[in-house]
Amino acid sequence: MKSILTLLLVYSELRCQLMCLEKRWTGNVDWDVANNWLGGSVPTIDSQVIFPLEMRHAVGLPPRLDQQRLMGMKLPNDGLVALPEDGKILVAANKGHFHTAVWLRETPFFWLDPDNWHVESEAVPHMERLPCQSDVVVLPSSSRTFSAKLPVSRDVEVQAVRLENENSTMARWEWRALRDKAEFLGSRFSVSYGALSNCKNCPCQEGDISDYWEEVCNVQRPKCGPQACEYPLKVEGHCCHYCGGRVRFSKKTLLSSATRVARNILAGYEKSLSWHSRQTSDGFGEILIAEKGVYSGSNVVLGVADVEAALREQNIELLSSETSGGPFVDHRLTMALAPFLGSFALLVLLVILVFPAFGYTYSQVWDAAREVGSVICIERRVNGHKRKSFAFARFENLFEGNVQLAEEEQEEEQASSAEQSSGGETFENPLYRHEKAIGKERKLLDTSEPVSLIALEKVLEVDNNSIEDIEMDIENL
């Protein structure tokens, strides 16, 4: 009986090695990885280590931190710092000057994050990067720290699980025994072994996967970035804009035959293009082509054309082929300015068409426009300067040419030069009359001699015929 069970286990492992696809976990929480630290600065001797308060994952410390000697470590409120068995940490006294190392990541490592799983091609859609019920999951070795937040929308099935440093997969009971380990975050242990033994063209997960798919995209969408191509393709199982090309063929064509043709043709584009062949949920086959690095579109067009021509030569029935166009150019600024530019263009068009109809020539319209522009410029210039304040005062025994308003901060030398120039602002003193108005200057009272009532009356006599109306602007008084 034992020999029969042993043979069954050996057969099962050999069958899975030949037929099952391995999905390898790439989420790295190791201490010595530079990408995990702010500025790529891994802690060195006499460093102070700071972890985020809400880290929400585990961090694997190196075996011997006593050989490194830290100045301090601020631990997270929500998260784990895993020290290996028999590991040591040496924290020395604070000497004042030390290097600070800050851990970057503040979010969990999601099981449903496509970026946490290794793929051979960038053209693989997000859904197909995740482990399916026919796949074997490969987790980090036992000497490394592993941390993952399991799915919450539904239970996920896989074929088996093994560690990176082991050749054989875990038994079902061994995997279930890990459900209480701190490495797995989540309300429940939602990853289990499936009952699938042998299936061709089976779905990734059985049943309704709408909530499962929405959970995947909720993780991936914030990392999609801006649109890179003009006409993104709608690819089944992909959360972001898909920039690349696609060639679809009929259900009668074997996927292996189309894959072999595409592999031979696209070998010449190895440095610029990545590709992936698959069968969609409707039963049709397709070859997806994506560009490596920055999207330009030209290599995709050439690759799709060559694959399409090669498939036709093999008498493979093609349904369609399409590309996502050239690189996307952001026209949001142009769209924002379009109403203003359109209104101005419409106004110019009306001027050109309407005014000649009423008998105005273009030169008259131009002269009027220039005059309006000059008035606007003058108004803006006047409003931009500080307005002068005027006041009236009585000056006795002074000719009106000697009375002048000057700038408040103007020096005496500038005032004398401005008095001789035409720019001086002079005015007639309404409280003083000189010989220009009455022929000769009137003599006022002489205070050096006694003043009689008769003399005062003579001074106050006014010739009604010589009185001129004086208009005074008291707006600025």
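1. In this predicted model, strands β4, β2 and β6 make up an open sheet of three strands, arranged in the order β4-β2-β6 and paired in parallel. The edges of the sheet are formed by β4 (72–74) and β6 (99–102), each of which pairs on one side only, and the twist from one strand to the next averages 15°.

2. Within that sheet, strand β2, which covers residues 47–50, pairs with β4 in the parallel sense over three bridges. To find this pairing in the structure, one can start from Val49, which stands opposite Met73 in β4.

3. A further open sheet of three strands is also paired in parallel, and its order is β1-β7-β10. Here the edge positions belong to β1 and β10 (160–163), each pairing on one side only, while neighbouring strands are turned against each other by 30° on average, with direction ignored.

4. The contact of β1 with strand β7 (residues 135–139) consists of four bridges, and the two strands run parallel. A convenient residue to look for is Lys23, which stands opposite Val137 in β7.

5. Which parts of the chain does the pair of Trp25 and Trp117 tie together? The structure holds 13 aromatic pairs, and one of them, formed by Trp25 and Trp117, is edge-to-face, with 5.1 Å from centre to centre and 85° between the planes. Because Trp25 lies in the loop between β1 (21–24) and β2, whereas Trp117 lies in the loop between β6 and α2 (126–129), the pair links parts that are 92 residues apart in sequence.

6. Turning to the helices, the axes of α5 (residues 255–266) and α6 (residues 298–313) come within 9 Å and cross at roughly 135°. Angles over 145 degrees would count as roughly antiparallel and those from 65 to 115 as roughly perpendicular, and α5 and α6 are therefore described as oblique to each other. The crossing of these two helices, α5 and α6, is right-handed.

7. On the side of α5, the contact is made by Ala258, Val261, Ile265 and Leu266, and on the side of α6 by Gly303, Asp306, Val307, Ala310 and Leu311. Sorted by class, this contact of α5 with α6 comprises seven nonpolar residues, one polar residue and one charged residue.

8. Two backbone positions deserve a look, since most residues other than glycine have a negative phi. Asp46, although it is a residue other than glycine, has a positive phi near 60°, and Asp46 is placed in the loop between β1 and β2. The loop between β1 and β2 also holds Trp25 of the aromatic pair described above.

9. Where does Asn315 lie? Asn315 is found in the loop between α6 and β16 (318–323), and its phi is positive, at about 60°, although Asn315 is not a glycine. A reader who has just examined the contact of α5 with α6, to which Ala310 and Leu311 of α6 contribute, can follow the chain from α6 into this loop to inspect Asn315.

Note on methods
Residues are numbered from 1 along each chain as its sequence is written. This is a predicted model: local features need pLDDT of at least 70, side-chain atom pairs count only at pLDDT 80 or more; totals for chains, interfaces and linings use all residues. Side-chain values use heavy atoms; hydrogens and water are left out. Axes are lines fitted to C-alpha atoms, for helices over the stretch in contact, and angles run from 0 to 180 degrees between N-to-C directions. Angles under 35 degrees count as roughly parallel, over 145 as roughly antiparallel, 65 to 115 as roughly perpendicular and the rest as oblique. A crossing is left-handed if the near helix is turned anticlockwise from the far one by less than a right angle, and right-handed if clockwise. Contact means heavy atoms within 4.5 Å. Ala, Val, Leu, Ile, Met, Phe, Trp, Tyr, Cys and Pro count as nonpolar, Asp, Glu, Lys and Arg as charged, and the others, Gly among them, as polar. Two strands pair if DSSP finds at least two bridges between them. Rings of Phe, Tyr and Trp (its six-membered ring) pair if their centres lie within 6.5 Å; planes under 30 degrees apart count as stacked, over 60 as edge-to-face and the rest as tilted.
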